[in-house]
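Visitor: Please take a close look at one part of this model, namely its helices, strands and the contacts around them. A formal account with the cut-offs stated would be appreciated.

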Amino acid sequence: MTNKHLVLVKKHFLPILNTFPFPHTLIILIIFVFPLVSANYYYDTSTAGTSSSSANVVALLIWKASLESKSQLVLSSWKNTSASPCHWDFIHCDSPGRVTEMNMPNNSISGILNLYFSSFSNLRKINLSNKSLYGTLPANIFNLLKLSYLDLGYNDFSGMIPPEIGFLKNLEYLLIDHTRFSGFLPQELGMLESLLMLRVQATNLTGTISASIGPIPWEIWSLTHLMDVDLRINSCWSNTKFYWKFQQVVLFDSFQNSLTGEIPASIGDSGNLLFLSLCGNRLSGSIPSSIEISMQNNRFIGGILRSLKNCTKLSRVRLDNNKLSGKISKAFVK
């Protein structure tokens with residue numbers, strides 16, 4: 001093996017290989033890496049396209065080797081005889097042959113996500129939802145500056161969501177729901193100015209409420225381009241005041257989060273809002289008009305607003321388990 005052959009392995013993959021016990025590392029080198037470098041798939045700046053594809057192949061094969069045996073069967077098309085992963089299952093490339101998508105939802109893959117993402121500088125979409133992936137996220141995933149779609153939902157990922165997530169400036173869709181992430185949502189989420197969808201429902205967010213930002217950072221409320229916000233069932237967010245600055249939001253679901261305070265009047269200015277769920281919180285004060293209202297299990301008092309009858313597109317109202325009074329008919333009969 002020449003010095004050039006060694007550069008690819010030494011520069012790009014030793015950090016990952018070092019995470020495995022020695023016997024596993026040796027097996028990976030013999031089965032996956034040595035055949036590739038012996039076939040002249042090495043890092044060379046004069047052949048950037050070839051070296052990029054080679055780096056992608058090695059990175060993916062090393063990750064495959066770390067997964068459980070049943071998971072490796074799902075990835076049977078990932079073979080060390082390939083110079084490029086563009087024809088592999090779940091991998092999509094652009095016309096120059098650069099990997100742009102890893103689209104792998106609903107597959108029986110179990111293991112740690114110790115993929116060397118720094119080899120995939122053109123990656124725009126990652127969908128790894130509905131698997132049995134666990135452990136913390138690799139730090140190099142936040143080097144994917146072109147990434148616009150990240151779905152890690154319905155996995156067993158743990159640890160905190162690091163502030164480096166703010167580096168993903170082009171991110172439009174962030175789905176980390178039904179995972180075991182803990183701690184606070186980092187305020188750096190407010191740096192994702194292109195974000196359209198945020199789903200963090202049913203996670204293990206825990207900890208003491210911060211007086212300054214709380215587990216729901218103020219910066220999230222200022223993401224004016226958000227259209228789909230799902231924060232359900234993160235009950236640790238008790239005593240977090242309800243703010244509203246969204247301008248484009250269509251769906252907002254904050255079921256069972258113990259939000260407090262009044263519903264901001266500005267919510268009535270959200271012309272695109274189609275669904276609003278605030279049930280299972282501790283909200284108080286008056287109720288503004290909306291298209292679909294789901295506000296049961298709160299502490300609202302007084303009468304039901306008669307102005308509800310003016311909401312001609314209103315399809316459903318749920319106000320049960322509050323302290324409201326009066327006759328329902330007067331609110332809905334003109």
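Guide: Helices (H or I, at least four residues) and strands (E, at least two) are DSSP runs, numbered from the N terminus. This is a predicted model, in which local features need pLDDT of at least 70 and side-chain atom pairs count only at pLDDT 80 or more, while totals for chains, interfaces and linings use all residues. Residues are numbered from 1 along each chain as its sequence is written, and side-chain values use heavy atoms, without hydrogens or water.

Helix H3 spans residues 48-66 and contains Ala55. Because its relative accessibility is 5%, Ala55 counts as buried (under 20% relative accessible area; exposed is over 50% and partly exposed in between, with a 1.4 Å probe and protein chains only). Its C-alpha atom is separated by 9.6 Å from that of Ser118, although the two residues are 63 apart along the chain.

Further along, the loop between helix H4 (69-74) and strand E1 (91-93) holds Ser82. Ser82 also counts as buried, because its relative accessibility is 17%. Its side chain meets that of Trp88 in a polar contact of 3.1 Å (a pair of N or O atoms within 3.5 Å, one able to donate a hydrogen and the other to accept it; residues adjacent in sequence count only if both atoms are side-chain atoms).

One disulfide is counted, under the rule that two cysteine sulfur atoms lie within 2.5 Å. Cys86 and Cys93 form this link, with an S to S distance of 2.2 Å. The link is left-handed, with -95° about the S-S bond. Cys93 counts as partly exposed because its relative accessibility is 24%.

Strand pairing (at least two bridges found by DSSP) involves strand E7, residues 156-160, which runs parallel to strand E5, residues 132-135, and is joined to E5 by two bridges. Within that pair, Tyr134 has Asp156 of E7 as its bridge partner. E7 also pairs with strand E9, residues 180-182, in the parallel sense over three bridges. There, Gly159 is bridged to Phe181 of E9.

Finally, the whole structure has two cavities of 30 Å³ or more (sets of points on a 1 Å grid over the protein atoms alone where a 1.4 Å probe fits but cannot get out; lining residues have an atom within 4 Å of a point). The second largest encloses about 30 Å³. Its lining consists of Leu137, Phe142, Leu150, Leu152, Ile161, Ile165, Leu174 and Ile176. These residues divide into eight nonpolar, no polar and no charged.

How values were computed. 1 Å grid on protein atoms, 1.4 Å probe; cavity = no way out; pocket = protein on both sides within 12 Å on 5 of 7 lines; lining within 4 Å. Points joined across faces, edges and corners; volume = space filled by probe spheres on them. Nonpolar A, V, L, I, M, F, W, Y, C, P; charged D, E, K, R; others polar.
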